[in-house]
Structures are given as C-alpha cells and as structure tokens.
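Take a look at the sequence and the model below. The walk-through starts at a pocket and then moves along the helices.

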Amino acid sequence: MYAVDGAFNEVLKIFNDEGVVRAAAQAALDKALTTSGDWETVTEQRFALPMPFSGFDDFEQLMMRPTYAQHDLSEAVMARVHAEFKRHLTPEGARLVLPIHVRLFRRTGA
C-alpha cells in the first residue's frame, strides 16, 4: 500500500493532497497485476529524494507556483503552508525528504 509520508508531504498536502489519487493509482496497478495475468513485477525500489529549500520563498516558487499547475492559494492556505514549513526551517534552510516508490513491470508472454 502506498502512503504519503514525511515532513515534505505534510507541507505539500495542505495545498496539493495527492494521497487519494496516489493510493488509487497503486490499487489499479495491484489489480492489473493480480487479475489480468498479462503483467509481472520486475522490481520495486523505495528511496528518499532530498528536497532542500533555502527558505519559504524558494519552496513557494518551486512547489506552490510551478508553471504546470494551478493551486488554490488563498491567504488562509498560504498561512497554513508557511506555518508548517517554518517547523522544518533552520538557519541553513529546510532539508525535506520526498519518499519515492518506483515499480517496474514487464508484460508477460500473453
């Protein structure tokens, strides 16, 4: 089962909660593996991707205002994100970690 874990996701989910869609995607993959008979797992890897930010402005620009997404960034949402982000901020910035789960499948002989 896929879990959206860690400090990075605690900040991110305030304005972009992907937990439900990621769980649904993993469930669809699991179902395809067990019901179709056309796919098999080759390998699975989990790793932690460092996500360093110099400060909140850096986080806001990179994660909250990317060119490819439109997020609901009301003042209340911004305040909640900023407050959660500040919990992880040090004089050197924030070094958050994004958990990554990669699954490689192969089509069987069918």
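By class, how many residues in the lining of the largest pocket are nonpolar, polar and charged? Eight are nonpolar, three are polar and two are charged. Keep in mind that this is a predicted model.

Stay with that pocket. It holds about 150 Å³ of space. Its lining counts 13 residues, and L12, N16, E18, M63 and Y68 lie nearest its centre. Helix 1 supplies the largest share of this lining, with three residues. Rolling a probe the size of a water molecule over the atoms shows where empty space is left.

Next comes helix 2, residues 19–35. It has 17 residues. From first C-alpha to last, helix 2 reaches 24 Å, close to the 24 Å expected at 1.5 Å a residue. Just after helix 2 sits G37, with a positive phi of about 75°.

Now turn to helix 3. Which of its residues are buried? They are F56, F59, E60, M63 and M64. These residues cover an arc of only 100° around the axis, which puts them on the same side of helix 3. On the other side, D57 and Q61 are exposed. The buried residues of helix 3 pack against helix 1, strand 1 and helix 4. M63 therefore appears twice: it is buried in helix 3, and it is one of the residues nearest the centre of the largest pocket.

E60 deserves a closer look. This residue of helix 3 has a relative accessibility of 16%. Buried means under 20%, so E60 counts as buried. Leaving out residues up to four places away in sequence, E60 touches R65 and M78.

Past helix 3, the chain enters the loop between helix 3 and helix 4, where A69 has its place. Is A69 buried or partly exposed? Its relative accessible area is 25%, so A69 is partly exposed. A69 and V42 are 27 residues apart in sequence, and their C-alpha atoms lie 32 Å apart in space.

Helix 4 follows, at residues 75–86. Its 12 residues should span 16 Å at 1.5 Å a residue. The end C-alpha atoms are 16 Å apart, which agrees. The buried residues of helix 4 are V77, M78, V81, E84 and F85. Seen down the axis, they fall within an arc of 135°, so they line one face of helix 4. The face turned away from that buried side carries the exposed residues E75, A76 and R80.

What covers the buried residues of helix 4? The cover includes helix 1 (6–12), strand 1 (39–53), helix 3 (56–64) and strand 2 (94–107). The packing shows up from the other end too, with helix 4 listed among the partners of the buried residues of helix 3.

M78, in helix 4, shows this packing at the level of one residue. At 16% relative accessibility, M78 counts as buried. Which residues does M78 contact, leaving aside its neighbours within four places in sequence? They are F56, E60, M64, R65 and L73. Three of these names are familiar: F56, E60 and M64 are buried in helix 3. M78 and M64 are 14 residues apart along the chain, and their C-alpha atoms are separated by 9.3 Å.

How values were computed: Residues numbered from 1 in each chain as written. Predicted model: local features only at pLDDT ≥ 70, side-chain atom pairs only at ≥ 80, totals over all residues. Heavy atoms only, no water. Helix = DSSP H or I, 4+ residues; strand = E, 2+ residues; numbered from the N terminus. Expected span 1.5 Å × (residues − 1). Buried < 20%, exposed > 50% of the residue type's maximum accessible area, 1.4 Å probe, protein only. Arc of directions from axis to C-beta. Contact = heavy atoms within 4.5 Å. 1 Å grid on protein atoms, 1.4 Å probe; cavity = no way out; pocket = protein on both sides within 12 Å on 5 of 7 lines; lining within 4 Å. Points joined across faces, edges and corners; volume = space filled by probe spheres on them. Nonpolar A, V, L, I, M, F, W, Y, C, P; charged D, E, K, R; others polar.
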